[in-house]
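Please study the sequence and the three-dimensional structure shown below before attempting the exercises. Each exercise consists of a task followed by a solution in steps.

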Amino acid sequence: MKLLLNALLIGDIKQTTTKAEYQRTRAILMANILMGNVEKEGGIYFAKIAERVNALAKEDIVPELDNPYPRPLVNEQRIDQAGEMGALRFVSKRHGSLTAIPEAIITQTPYEIKGWFLTRHNPLMTVANPQKMKEAMEQLEFIVVNDIYLSDTAMMADVVLPEVTYLERDEGISKNAYKSPYYTMRNRIVEPLHHNKSAIEIIRNLAERMGLGSYYPWKSVPELRVYQAKGNDVLLETLLKRGAATFDVPPLLALEPTFVEHFCERYPQSRIWLDKQGTFSHLLQKLKTPSGKIEIYCEEVEKLFKGYGVPSNVDMDVKQGFPYVLTSGKSAVHTNGHTQNIPYLHMLLSTNPIWMHPSTAKVHGLKMGDTFYLENGISKEKATVFITEGIRPDTLFTYMGFGHDAPALKRTHGKGINSSKLLSLESATLCGAMITNVGVNIIKI
């Protein structure tokens with residue numbers, strides 16, 4: 001019990017999106033902007049990627065990478081409508097909206113949807129209303145799952161392509177940037193078991209068999225790395241030995257004179273960008289907005305979403321008429337919903353009771369460890385109570401990733417509550433984020 005309690009109290013509570021996610025994120029950004037806290041120490045700043053740093057220095061101080069992945073082969077209408085006219089107009093096509101998928105499959109809109117290829121993704125655990133998701137998936141003719149576990153979703157697959165674990169796979173070069181740029185590259189430490197391959201190798205091999213291999217300028221992970229690095233042997237050798245490559249670029253905040261001066265001392269040609277205050281203020285005057293500057297009011301948003309052009313307090317209700325709000329988040333023990341079946345991690349945290357304030361538990365006659373129901377208009381789910389003063393009386397909390405319906409995962413199958421079953425497929429206004437805060441009732445058994 002002690003191990004369980006310790007694990008419960010060191011969690012990472014951050015998966016709490018609401019319908020007002022766009023307004024919340026915007027408010028944080030606007031607060032920093034209005035206080036002059038952009039490109040300042042302790043504030044928000046633009047990532048100093050290689051291309052940005054090289055342009056400032058007016059010399060190639062950081063090697064830039066080639067993009068090794070092919071462009072989309074078709075330009076069909078998306079099934080989630082992300083980036084197109086409508087509710088998800090401003091949602092990035094790169095990320096899309098998972099919550100829009102079930103309805104698209106069930107209604108076969110905007111066109112017939114026959115199959116689904118999923119890579120290390122378990123929507124029956126991690127996406128809202130998995131009941132609806134499962135209903136949609138049952139209508140598909142063909143499902144392929146690429147994963148390292150026989151997850152809830154993999155159990156529904158026609159074909160499972162077993163992937164290597166992170167310890168068994170080589171990967172391409174990843175771009176990273178904060179106040180200065182650096183690259184990382186994962187290198188395997190053991191050979192893969194059973195001739196398994198990484199997702200990128202699987203997809204590349206499938207493309208080859210489908211006659212689409214010519215769209216890839218590489219045939220293996222070593223070739224992928226060489227292509228990305230443009231044949232830079234020094235960079236590749238560093239990444240192979242250390243797994244990371246830094247370039248001794250001074251950390252840069254464009255509106256901090258001290259940071260800018262250190263950068264200019266190292267790269268004298270960058271002084272051409274200096275303003276009268278000794279900063280690089282031009283970086284904030286060439287943005288991808290109509291004015292080129294930071295804009296609080298967005299006319300394009302206002303035209304399509306009236307009242308959202310400026311920050312406001314709309315969409316702030318998180319209870320939807322229920323007395324309590326259920327929130328969820330990640331644990332410091334597990335990785336999302338993937339690792340609950342691993343023996344040692346399962347021992348540390350094997351289930352996910354609902355955190356509840358003592359006064360709330362008293363109102364409902366619940367004691368530590370009692371079972372009860374959480375209910376709303378979407379589902380009714382059995383849970384166990386964990387009483388703690390570390391939460392508000394009107395709020396409940398649980399870790400995600402439990403309540404698996406996957407017999408192959410023998411340790412974790414049926415353990416805990418899958419809080420996703422209480423979530424609506426409605427997405428956050430404008431940004432399309434999945435809403436993870438939901439109103440619920442407490443019902444004593």
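The exercises that follow concern a predicted model.

**Exercise 1. The buried face of helix α3**

Task: Determine which residues of helix α3 are buried, and how they are arranged around the helix axis.

Solution.
Step 1. Helix α3 covers residues 50-57. A residue counts as buried under 20% relative accessible area. In α3, Ala 50, Val 53, Asn 54, Leu 56 and Ala 57 are buried.
Step 2. Viewed down the axis of α3, these buried residues fall within an arc of 160 degrees, so they line one face of the helix.
Step 3. A general rule helps here: an α-helix has 3.6 residues a turn, so residues three or four places apart point the same way.
Step 4. The cover over the buried residues of α3 includes β5 (181-185) and α10 (257-266).
Step 5. Just after α3 comes Lys 58, which takes a positive phi of about 60 degrees.

**Exercise 2. The buried face of helix α8**

Task: Carry out the analysis for helix α8, and state what covers its buried residues.

Solution.
Step 1. Helix α8 covers residues 221-228, and its buried residues are Val 221, Leu 224, Arg 225 and Gln 228.
Step 2. Seen down the axis of α8, the buried residues fall within an arc of 95 degrees, so they line one face of the helix.
Step 3. The covering elements include β4, β5, α7 (199-209) and α9 (233-242).
Step 4. Lys 230 follows α8 and has a positive phi, near 55 degrees.

**Exercise 3. Strand β2 and its partners**

Task: Establish to which strands β2 is joined, and why it is described as largely enclosed.

Solution.
Step 1. Strand β1 (residues 115-119) is joined to β2 by 5 bridges, and the two run parallel. In this pairing, Gly 115 stands opposite Phe 142 in β2.
Step 2. Strand β3 (residues 159-162) is joined to β2 by 4 bridges, again in parallel. Here Val 145 stands opposite Val 160 in β3.
Step 3. Strand β2 comprises residues 142-147; 5 of its 6 residues are buried, so the strand is largely enclosed by the rest of the structure.

**Exercise 4. The second largest pocket**

Task: Describe the space in the second largest pocket and the residues that line it.

Solution.
Step 1. The second largest pocket holds about 1,100 Å³ of space.
Step 2. Its lining has 30 residues, of which Phe 46, Leu 287, Lys 288, Thr 289 and Lys 293 are the closest to the centre of the pocket.
Step 3. Helices α2 (21-34), α3 and α11 (299-304) each supply at least two lining residues. The largest share, 5 residues, comes from α2.
Step 4. Sorted by class, the lining has 20 nonpolar, 2 polar and 8 charged residues.

**Exercise 5. Backbone angles in loops**

Task: Find the loop positions of Glu 39, Asn 129 and Pro 110, and state the backbone feature of each.

Solution.
Step 1. For background, most residues other than glycine have a negative phi, and most peptide bonds are trans.
Step 2. Glu 39 is placed in the loop between α2 and α3. Its phi is positive, near 55 degrees. With a relative accessible area of 0%, Glu 39 is buried.
Step 3. Asn 129 lies in the loop between α5 (123-126) and α6 (130-137). Its phi is positive, near 50 degrees. Asn 129 is buried, with a relative accessible area of 15%.
Step 4. Pro 110 is found in the loop between α4 (101-107) and β1. The peptide bond from Thr 109 to Pro 110 is cis, with omega near 10 degrees.

**Exercise 6. Surroundings of Lys 175 and Met 156**

Task: Locate Lys 175 and Met 156, and list the contacts of each beyond its neighbours within four places in sequence.

Solution.
Step 1. Lys 175 has its place in strand β4 (residues 173-177). Is Lys 175 buried or exposed? Exposed means over 50% relative accessible area; at 54% relative accessibility, Lys 175 counts as exposed.
Step 2. Leaving aside neighbours within four places in sequence, Lys 175 is in contact with Glu 51, Leu 65, Tyr 182 and Tyr 183.
Step 3. Met 156 is in the loop between β2 and β3. With neighbours within four places in sequence again left aside, Met 156 is in contact with Leu 124, Lys 134, Met 137, Glu 138 and Ile 143.
Step 4. Met 156 and Tyr 182 are 26 residues apart along the chain, and their C-alpha atoms are separated by 40 Å.

Key. Residues numbered from 1 in each chain as written. Predicted model: local features only at pLDDT ≥ 70, side-chain atom pairs only at ≥ 80, totals over all residues. Heavy atoms only, no water. Buried < 20%, exposed > 50% of the residue type's maximum accessible area, 1.4 Å probe, protein only. Arc of directions from axis to C-beta. Contact = heavy atoms within 4.5 Å. 1 Å grid on protein atoms, 1.4 Å probe; cavity = no way out; pocket = protein on both sides within 12 Å on 5 of 7 lines; lining within 4 Å. Points joined across faces, edges and corners; volume = space filled by probe spheres on them. Nonpolar A, V, L, I, M, F, W, Y, C, P; charged D, E, K, R; others polar. Pairing = 2+ DSSP bridges.
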